[in-house]
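Q: I'm new to this structure and would like a close look at one part of it. Please pick a part, stay with it, and explain any terms as you go.

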Amino acid sequence: MTSSRAVLIVDDSIASGRAIGGVLRRAGIDEVDVAESLSAAIEQLNRRQYAVVIADYFVGDSTGLVLRTAMRDMPQAANVAFILLSNRGAECCAAVTDQCSSLTKPVDPRRLRDMVEASLAEAIR
């Protein structure tokens with residue numbers, strides 16, 4: 001468990017990352033960082049403790065699932081809640097069942113907020 005309430009958004013679309021960050025900030029979640037590539041996300045995960053990572057399925061020439069797999073090998077990130085965003089919904093997350101949730105795009109802001117808040121509550125227990 002962590003005392004962090006920080007959220008990392010991983011999306012190669014600047015507009016999408018900002019929009020998701022805006023939803024979270026309006027919900028009172030102020031510790032939000034955005035990474036535009038998997039390598040930038042891994043750098044961020046090595047620098048800061050996060051409670052939740054939200055990743056787009058397609059990130060540049062890779063996927064959010066590749067990031068989740070890499071996170072499993074990182075002691076500081078192995079147990080971080082992970083939310084995968086995709087046009088395909090839950091089927092994309094089936095291969096990564098541990099601490100992985102999914103949201104279908106376009107994202108419903110209320111559902112996103114509820115999922116992140118639930119993950120944050122679980123992380124600080």
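A: Let's start with a term you'll need throughout: a residue is buried when its relative accessible area is under 20%, exposed when it is over 50%, and partly exposed in between, using a 1.4 Å probe and protein chains only. This is a predicted model, where local features need pLDDT of at least 70 and side-chain atom pairs count only at pLDDT 80 or more, while totals for chains, interfaces and linings use all residues. Residues are numbered from 1 along each chain as its sequence is written, and side-chain values use heavy atoms, with hydrogens and water left out.

How far does the predictor trust its own work? pLDDT is its confidence in each residue, on a scale from 0 to 100; here the protein's mean is 88, and 86% of its residues reach 70 or more. Among the elements, strand β7 (residues 100-104) has the lowest mean pLDDT, 80, and β1 has the highest, 98. Where pLDDT is low, the predicted coordinates should not be read in detail.

The part I've picked is helix α2, which spans residues 38-47. Helices are DSSP runs of H or I with at least four residues, strands are runs of E with at least two, and both are numbered from the N terminus. Inside α2, the buried residues are L38, A41, Q44 and L45. Viewed down the helix axis, these residues sit within an arc of 120°, so they line one face of α2; the arc is taken from the directions between the axis and the C-beta atoms. Over on the other side, N46 and R47 are exposed.

What does the buried face of α2 pack against? The partners are the strands β1 (7-10), β2 (32-35), β3 (52-56), β4 (58-59) and β5 (62-63), plus helix α3 (64-72). Contact here means heavy atoms within 4.5 Å. V10, for instance, touches L38 and A41, and its list also includes V53, I54 and L67, leaving out residues up to four places away in sequence.

L45 from the helix turns up again in the largest nonpolar core, where it is one of the residues that touch the most other members, along with L8, V10, V53, L67, M71 and F82. Such a core is a set of buried Ala, Val, Leu, Ile, Met, Phe, Trp, Tyr and Cys residues joined through side-chain atoms within 4.5 Å. This one has 21 residues, and β1, α2, β3, α3 and β6 (81-86) each supply at least two of them. Apart from it lies another core of 19 residues, among them A51, I54, M115 and A123.

Now for the charged side of the story. A salt bridge is a side-chain nitrogen of Lys or Arg within 4 Å of a carboxyl oxygen of Asp or Glu, and the structure holds five of them. One is inside α2: R47 pairs with E43, with the closest N and O atoms 3.2 Å apart. Those two lie four residues apart, about one turn of the helix. R47 is exposed, at 61% relative accessible area, and E43 is partly exposed, at 45%.

Just past the helix, R48 meets D33 in another salt bridge, 2.8 Å from N to O. That pair links distant parts of the chain, with D33 in strand β2 and R48 in the loop between α2 and β3, 15 residues apart. D33 is buried at 19%, whereas R48 is partly exposed at 31%. Together with E31, the two form a network of salt bridges.

Beyond that loop comes β3, one of the strands α2 packs against. Five of its five residues are buried, with V52, I54 and D56 on one side and V53 and A55 on the other. Two strands pair if DSSP finds at least two bridges between them. Four bridges join β3 to β1, running parallel, and five join β3 to β6, also parallel. I54 has a bridge partner in each neighbour: I9 and I83. V52, at 0% relative accessibility, is buried, and its C-alpha atom is 4.9 Å from that of V7, although the two are 45 residues apart along the chain.

Note on methods
pLDDT is the predictor's confidence in each residue, from 0 to 100.
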